[in-house]
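Visitor: Please take me through a close look at one part of this structure, the packing of its helices, and then describe what surrounds it. I would like the details in a connected order rather than as a list.

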Amino acid sequence: MTITITAFERSPDRGRGLARDMRVRWALEEAGQHYEVRLVSFEALKQPAHLALQPFGQIPTFEEGDLTLFESGAIVLHIAERHGGLLPRDANGRARAIAWMFAALNTVEPPIFDHSLARILERDEPWYEHRLQSLEKSIRKRLDSLSRHLGDADWLDGAFSAGDLLMVSVLLRLKSAKIFDDYPSLAAYVARGEARPAYQRAFAAQLAVFQAASAG
């Protein structure tokens, strides 16, 4: 059965690998699974056909046979459980890797994502500076804890896992923010993720979509 995912027809991240279909592409590349991509316009996101797959009108979605999934974390978990290479074989290691998946999306990502949105959407608001300072404080709290846990290890818990895949994906949003300069071990951690061949294949595929849309 062919796997089909959805992605932005014209990604607002301008080919930087930050749109959430990138996480799914990366997981599929790590798992060695062929997939197809159906590009979706912003208008199509609001239409019944897409809302039947993703009730909140977002991307990505995942379709394989009679299975349809939404939410990037749920899709990555499904891929990791279905195929080898993204979760440890032993039960305890597997549970810890899944815990790091949840930590990436529920604990680390929210202030980082809000920070990136505030820099775009709230720059002209009177509360902008206060809002940014508050978010940066929350981000630093999370990064302090994450950096302390990582130490000088390559990955969060032994070998690379889906937990690292999602954590690196989340941290990538900070590459353009000065705050990341204070965490060289995390910057190196992200660089290791980006250096993985599966990541590079996924990034090239997503970038090609943006370049084709721009050329058109």
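Guide: In this predicted model, helix α1 and helix α6 pass each other in a right-handed crossing. Helix α1 covers residues 21–30 and helix α6 covers residues 162–171, and their axes come within 10 Å and cross at roughly 145°. On the α1 side the residues that meet the partner are R23, W26, A27 and E30, while α6 contributes L165, L166, V168, S169 and V170. Sorted by class, this contact of α1 with α6 consists of six nonpolar residues, one polar residue and two charged residues.

Two packed helices are described by the angle between their axes and by the distance between those axes. In those terms the next pair to consider is α3 and α4, with axes that come within 11 Å and cross at roughly 165°. An angle over 145° counts as roughly antiparallel, and α3 is therefore roughly antiparallel to α4. The crossing of α3 and α4 is right-handed, and the contact is formed by G73, V76, L77, A80 and E81 from α3 together with R94, I98, M101 and L105 from α4. By class, the contact of α3 with α4 holds six nonpolar, one polar and two charged residues.

Helix α4, residues 91–121, also packs with helix α5, residues 128–150, and here the axes come within 9 Å and cross at roughly 155°. The two helices α4 and α5 are therefore roughly antiparallel to each other, and α4 passes α5 in a left-handed crossing. From α4 the contact draws on W100, T107, P111, I112, D114, H115, A118 and R119, and from α5 on Y128, R131, L132, L135, E136, S138, I139, R142, L146 and H149. The classes represented in this contact of α4 with α5 are nonpolar, with nine residues, polar, with four, and charged, with five.

Helix α4 has a further part to play in the description of the largest pocket, where it supplies eight residues, the largest share of the lining. The space in this largest pocket is about 810 Å³. Its lining is made of 30 residues, and those that lie nearest the centre are L18, A19, R20, F113 and R173. The elements that give two or more residues to this lining are α3, residues 72–82, and α4. By class, the lining of the largest pocket comprises 13 nonpolar, nine polar and eight charged residues.

Two points of backbone geometry complete the tour. The residue E71, in the loop between β4 (67–70) and α3, has a positive phi of about 75° although it is not a glycine. In the loop between α2 (48–51) and β3 (61–64) is P60, and a cis peptide bond with omega of about 5° joins I59 to P60.

Methods:
Residues are numbered from 1 along each chain as its sequence is written. This is a predicted model: local features need pLDDT of at least 70, side-chain atom pairs count only at pLDDT 80 or more; totals for chains, interfaces and linings use all residues. Side-chain values use heavy atoms; hydrogens and water are left out. Axes are lines fitted to C-alpha atoms, for helices over the stretch in contact, and angles run from 0 to 180 degrees between N-to-C directions. Helices (H or I, at least four residues) and strands (E, at least two) are DSSP runs, numbered from the N terminus. Angles under 35 degrees count as roughly parallel, over 145 as roughly antiparallel, 65 to 115 as roughly perpendicular and the rest as oblique. A crossing is left-handed if the near helix is turned anticlockwise from the far one by less than a right angle, and right-handed if clockwise. Contact means heavy atoms within 4.5 Å. Ala, Val, Leu, Ile, Met, Phe, Trp, Tyr, Cys and Pro count as nonpolar, Asp, Glu, Lys and Arg as charged, and the others, Gly among them, as polar. On a 1 Å grid over the protein atoms alone, a cavity is a set of points where a 1.4 Å probe fits but cannot get out, and a pocket is an open set with protein on both sides within 12 Å along at least five of seven lines; lining residues have an atom within 4 Å of a point. Grid points are joined across faces, edges and corners, and a volume is the space filled by probe spheres set on the points.
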